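Q: I am new to this structure and would like a close look at a single part of it. Please take me through that part slowly, in connected prose.

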Amino acid sequence: MSDYKDYVTAINKIFDYLAKMKAGWNSQDNLSYIENIEEYKQVVANSVHLFKDPQPPVKEKKQEELEALGND
């Protein structure tokens, strides 16, 4: 399976489990924690493009060596 499909599957499972926990719990603290996590759902969903269209690795710029000044 590709990284893209693995990512989408994992994210869907996580938020599915959160929905099930939210429905089953009545503790306000736990519900508040779940709601805080759910705030990141859109951020996580928007990052799927990193797996769909991976960028080529960035080539490190060759650092130019400087000539030492002084004792010639």
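Is Glu38 buried, partly exposed or exposed, and what is its relative accessible area? Please start there and then describe the salt bridge that Glu38 forms with Lys22 and the parts around it.

A: This is a predicted model, and within it Glu38 is partly exposed, with a relative accessible area of 25%. That value falls in the partly exposed class because buried means under 20% and exposed means over 50%. The side chain of Glu38 meets that of Lys22 in a salt bridge, with 3.3 Å from N to O. Glu38 belongs to helix H2, which covers residues 28–38, while Lys22 belongs to helix H1, so this pair ties together parts that are 16 residues apart in sequence. Lys22 is likewise partly exposed, at a relative accessible area of 31%. In general, side chains of opposite charge can pair when their charged atoms come close.

The structure holds two salt bridges, and the other joins Asp16 to Lys20, whose closest N and O atoms are 3.5 Å apart. Here both residues lie in helix H1, four residues apart, which is about one turn of the helix. Asp16 is partly exposed, with a relative accessible area of 37%, whereas Lys20 counts as exposed at 54% relative accessibility.

Lys22 also leads from the salt bridge to a nonpolar residue, since Ile34 touches Lys22 as well as Leu18, Met21 and Trp25, when residues up to four places away in sequence are not counted. Ile34 is itself a member of the largest nonpolar core, a group of six residues that is completed by Tyr7, Ile11, Phe15, Leu18 and Val48. Helix H1, which spans residues 3–24, supplies the largest share of this core, namely four residues.

Met21, one of the residues that Ile34 touches, is placed in helix H1 and is partly exposed, with a relative accessible area of 30%. Together with Tyr17 and Trp25, Met21 makes a nonpolar surface patch of about 310 Å².

To set this part within the whole, the chain has four helices and zero strands, and from the N terminus on its elements run α-α-α-α. Of the 72 residues of the chain, 11% count as buried. The chain exposes about 7000 Å², and carbon and sulfur atoms supply 53% of that area.

Terms used:
Residues numbered from 1 in each chain as written. Predicted model: local features only at pLDDT ≥ 70, side-chain atom pairs only at ≥ 80, totals over all residues. Heavy atoms only, no water. Core = buried A, V, L, I, M, F, W, Y, C linked by side-chain atoms within 4.5 Å. Buried < 20%, exposed > 50% of the residue type's maximum accessible area, 1.4 Å probe, protein only. Helix = DSSP H or I, 4+ residues; strand = E, 2+ residues; numbered from the N terminus. Contact = heavy atoms within 4.5 Å. Patch = residues over 30% accessible without salt bridge, like charges linked within 9 Å, V, L, I, M, F, W, Y side chains within 5 Å. Areas by Shrake-Rupley, 256 points an atom, 1.4 Å probe, with all protein chains shown as cover. Salt bridge = Lys/Arg side-chain N within 4 Å of Asp/Glu carboxyl O.
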